[in-house]
Every structure is written in structure tokens, then in C-alpha cells.
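Subject: Structure handover

Hi,

Here is the structure we talked about. Please load it first, then read the notes below.

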Amino acid sequence: MTTIDLPLLPLGRGKDLGAERGVECPGDLPAASDPDLVARAVAAKAALGDRVFVLGHHYQRDEVVQFADVMGDSFKLAKDAAARPEAEFIVFCGVHFMAESADILTSDNQSVILPDLAAGCSMADMARLAQVEDAWDALADAGVVDQVVPITYMNSSADIKAFCGRNGGAVCTSSNADVALEWAFAQKGADTKVLFFPDQHLGRNTAVLKLGYTLEDCIVWNPLLPNGGNTVAQLQAAKVILWKGHCSVHGRFSAEVVDELRATIPDVQILVHPECAHEVVLKADLVGSTEFIINTIEAAPAGSSWAIGTELNLVKRLAAAHPDKTIAFLDKTVCYCSTMNRIDLPHLVWALESLVDGVVVNEIQVDGETERYAKIALQRMLDLPGRSSAD
Ligand code: 13P
Ligand code: SF4
């Protein structure tokens, strides 16, 4: 597994509003031990009625999920937010980049609220706009930038999405990365190259396993090294330039544990998210987005056995919902997404009760210029043929 040596803020301390993980939580949070938290959330939601719409990502805690009006992966939730123009407040139980996308896709008179601003995403933090602009300049110096189409995973900050919008690129999700790459390779003829960020694994797994490129066609761009750690000849030869980023949750799954589980659970099927490393994906039976994983388990016959490589809150919920199937987690140690888990019941109650009191807290607002170009990149994704988050 690769690591990025970027200085990250310790959660809950300091403040860096330019980063994915802003870390401010003003106001008094209810105590986690307050026995009335559930009743308080129910009452606040009832008082707000249709004025509030609560979105929950599948990786959220059970205590939060019970209050979600709709659940989904990041793509579905962005579309669900856009489909609720009557809701004054969108409370986003997910992470910062998702709330930004919801703000971009909703109207100006709607407020998107992230109950804890420390709910960032370490992967999104691995590609900063200044680094991406430096990479673009280096690709220009190498004489290849006119061939490059930038594609960013949904899991990136709004300014990276805007960079793609400004430079002829698009956003993709784990549900439609193959369609987005096919679209990108059709943009500039046979010489097209794709610059894919921030998740090298999704980019590599899609380019190699879905589009038929070779591992040699893919190079890694390390933002901490000149030319991303590549020679000019390598930049000229590459078809896919993969940003050196990864998900700290999905990057934990290993090929060794796949082998161990195959040896211990008879007929187990390995089901993983494409943010997992290539060697894990190669050993899996099925690979797909969060929605794909859920749909696969729902459609699986009683008595079947599965080991799932994705976030633990979701895997535990799937296991509880399908007692007729054997469902194991594809890691030996705890593997929650720590930033997803920042959204807990005290933060949700605080956000909802503040709205009841007429105070909009933790509003996520993308500035107009960034929004304009990010919307172009998001719209290019929404216009892609054929695929939806449910695939
Ligand atoms: P999706 O919700 O698009 O499957 O992405 C997975 C993820 O890691 C979300 O943070
Ligand atoms: Fe980011 Fe990974 Fe957590 Fe998703 S699961 S929010 S990609 S760190």
C-alpha cells in the first residue's frame, strides 16, 4: 500500500478551512450519554417537518442512519439532494466533499449542513488544488498537456472538481468510472491521456480491468516529487496518470486475508469496492460500488457466504439484515471510516435543534466561481450514457 506524506491536521484541533477537513464545531454539543438524544432528534425533526431533508451515506453509524430520510452512496445522495428543491435545509450525514457536491447541485436558497465539520476525507485531502495545478504545469512543460483529460473521483474537494470543469474534464464515481474513462479517451483521439485523481486504485482497477489497458500504460503521479516522480519519456508514453492517493479504509484490505478467508469459509465469495488495491481486486469474485455491494447481497441466495471489503458500519448492517447468509468482514481488525464516524447523534441533535431555533450551523457553501466550473464537471458526469448509481 502506498502512503502520502502530507501534513494532516489532527482531528478536532486547529482550523484549516481551505482543506477538506475543516475542524470547527462551535456551540454546545449534547453529551453522548444523554438518554434523551433519540427523543430530542425525533422532536427536532418533527418540528422542522418538510423544511429539513436528512441524507445518510451508507457508511454512517446506525444511530445516525435511523434519522436519514434517504440513504445512498455519494452519487445517489447528490442526486437526491438536487431532487428536493422544497427542502430549506439539507442535513448531510456523510463527509465534507459530499456536502459540497450537494451544495453545488442544490439551489441558492437551500442550506446544506454538515453536522460535524471535522468529517472530512483523507483521500480527498491527498489532492490539493495547488498540487494539481503544479502537475498540470509540469505536463505542459513535458509537451503533453494538450492530450490530457482530467477526471476526478467524486471523493475530491470542490476546487478539484472545478479544475476538471475548467480543463475539459469530468467527475466520476465508483459506479460510473468506466463510462467516464471511456468518455475521456474519446475526447482527444488516439493520443488521449487521462489524469485521474485522487484515488490511484479506482483509476488503475478501472483502466486495467474494465478498459483493457495494461499496468505499464499506467504511471503514478507523486505530488511531492518533480514531474510526479516520472521521466518526460514516461509521461509521454503513459495512457493513464494516476494521482498517488488512496482511501485509508479500503487500502487496508489485503490479498493475504482473502487467501485466509477462502481457506476457512467454504465457498466464500469475495466482494470488494474498487477503492481496494489492485492485488485485492484481482483476487475478488465481484468488484463494485457501495450500491453494487448492497444490491449483490440483497440478491444473493440464502445460505451463501460472503466476505466484504468495504466500510465496517455498512458490512455490519448488511450482516444484521441478512441473517440467512454468512457475511464476514475482509479484515482482521476494526476498519471504520474515522471521519464518517465523526457524525454522531450528539452532532445531529445539535444541528437539528439549532435549525429549530432558527440558527443554521456548519453550512457548507462553495463559492460562486468554484461552483460554476465544478457544476460543469458534475454535469458532464450526469450526462454520461447508460450508467447510474444503482448499477
Ligand atoms: P461511494 O459512496 O461512491 O461508493 O464511495 C465510497 C466511499 O468511500 C465514500 O466515501
Ligand atoms: Fe474518504 Fe475512504 Fe472514508 Fe470514503 S471511506 S470518506 S474515501 S476515507
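Start with one bridge: Val54 is partnered with Val91 in β3. Keep in mind throughout that this is a predicted model.

**The strands around β3**

The bridge belongs to a parallel pairing of strand β1 (residues 52–57) with β3, which runs over five bridges. On β3, Val91 also has a bridge partner in β4, namely Ile113. That pairing, of β3 with strand β4 (residues 111–113), is parallel too and has three bridges. Strand β3 covers residues 89–93. Four of its five residues are buried, so the strand is mostly covered.

**The five-stranded sheet**

There is an open sheet of five strands. Its order is β6-β5-β7-β9-β8, and the pairing is parallel. Which strands stand at the edges? They are β6 (170–172) and β8 (218–221). Each has a single partner strand, so one side of each has no neighbour in the sheet. On average, neighbouring strands here are turned by 25° against each other, direction ignored.

Strand β5 (residues 148–153) pairs with β6 in the parallel sense, over three bridges. Within that pair, Ile151 has Ala170 of β6 as its bridge partner. Helix α7 (residues 158–166) packs on the sheet and touches β5, β6 and β7. The direction of α7 makes about 150° with that of β5.

**A helix pair**

Two packed helices are described by the angle between their axes and the distance between the axes. For helix α3 (residues 74–82) and helix α4 (residues 96–105), the axes come within 8 Å and cross at roughly 35°. The crossing of α3 and α4 is right-handed. On the α3 side, the contact uses Ser74, Leu77, Ala78, Ala81 and Ala82. On the α4 side, it uses Met98, Ser101, Ala102 and Leu105. By class, that contact of α3 with α4 has seven nonpolar and two polar residues, and no charged ones.

**Ligands**

Ligand 1 is surrounded by Asp73, Ser74, Phe75, Met154, Asn155, Thr173, Ser174, Cys247, Glu275, Ser289 and Thr290. How does this shell divide by class? It has three nonpolar, six polar and two charged residues.

Ligand 2 has 13 residues around it. The closest are Cys121, Met123, Cys247, Val249 and Cys337. The shell of ligand 2 holds eight nonpolar, four polar and one charged residues. Note that Cys247 is in the list for ligand 1 and among the closest residues to ligand 2.

**Thr290 and Leu314**

Thr290 is part of the ligand 1 shell, and it sits in helix α13 (residues 290–299). Is it buried or exposed? Thr290 is buried, because 24 other C-beta atoms lie within 10 Å; the cut-off for buried is 20 or more. The C-alpha atoms of Thr290 and Ser74 are separated by 9.0 Å, though the two residues are 216 apart along the chain. Beyond its neighbours within four places in sequence, Thr290 is in contact with His58, Asp73, His273, Thr310 and Leu314.

Leu314 is in helix α14 (residues 312–321). Leu314 counts as buried, because it has 25 C-beta neighbours inside 10 Å. Leaving out residues up to four places away in sequence, Leu314 touches His58, Tyr59 and Thr290. The C-alpha atoms of Leu314 and His57 are 9.5 Å apart, with their positions 257 residues apart along the chain.

**Backbone exceptions**

Most residues other than glycine have a negative phi, and most peptide bonds are trans. Three places go the other way.

- The peptide bond from Phe197 to Pro198 is cis, with omega near -10°. Pro198 is in the loop between β7 (193–197) and α9 (200–210).
- Asp267 is not a glycine, yet its phi is positive, at about 60°. Asp267 lies in the loop between α11 (255–264) and β10 (269–272). With 10 C-beta neighbours inside 10 Å, Asp267 counts as exposed.
- Asn362 also has a positive phi without being a glycine, at about 50°. Asn362 is in the loop between α15 (345–356) and α16 (368–382). Asn362 counts as buried, because it has 24 C-beta neighbours inside 10 Å.

Over to you.

Methods:
Residues are numbered from 1 along each chain as its sequence is written. Chains are lettered from A and ligands numbered from 1 in the order in which they are written. This is a predicted model: local features need pLDDT of at least 70, side-chain atom pairs count only at pLDDT 80 or more; totals for chains, interfaces and linings use all residues. Axes are lines fitted to C-alpha atoms, for helices over the stretch in contact, and angles run from 0 to 180 degrees between N-to-C directions. Helices (H or I, at least four residues) and strands (E, at least two) are DSSP runs, numbered from the N terminus. A crossing is left-handed if the near helix is turned anticlockwise from the far one by less than a right angle, and right-handed if clockwise. Two residues are in contact if their C-beta atoms, placed from the backbone, lie within 7 Å. Ala, Val, Leu, Ile, Met, Phe, Trp, Tyr, Cys and Pro count as nonpolar, Asp, Glu, Lys and Arg as charged, and the others, Gly among them, as polar. A residue is buried if 20 or more other C-beta atoms lie within 10 Å of its own, exposed if 12 or fewer, and partly exposed in between; C-beta atoms are placed from the backbone. A residue is near a molecule or strand if its C-beta atom, placed from the backbone, lies within 6 Å of it. Two strands pair if DSSP finds at least two bridges between them.
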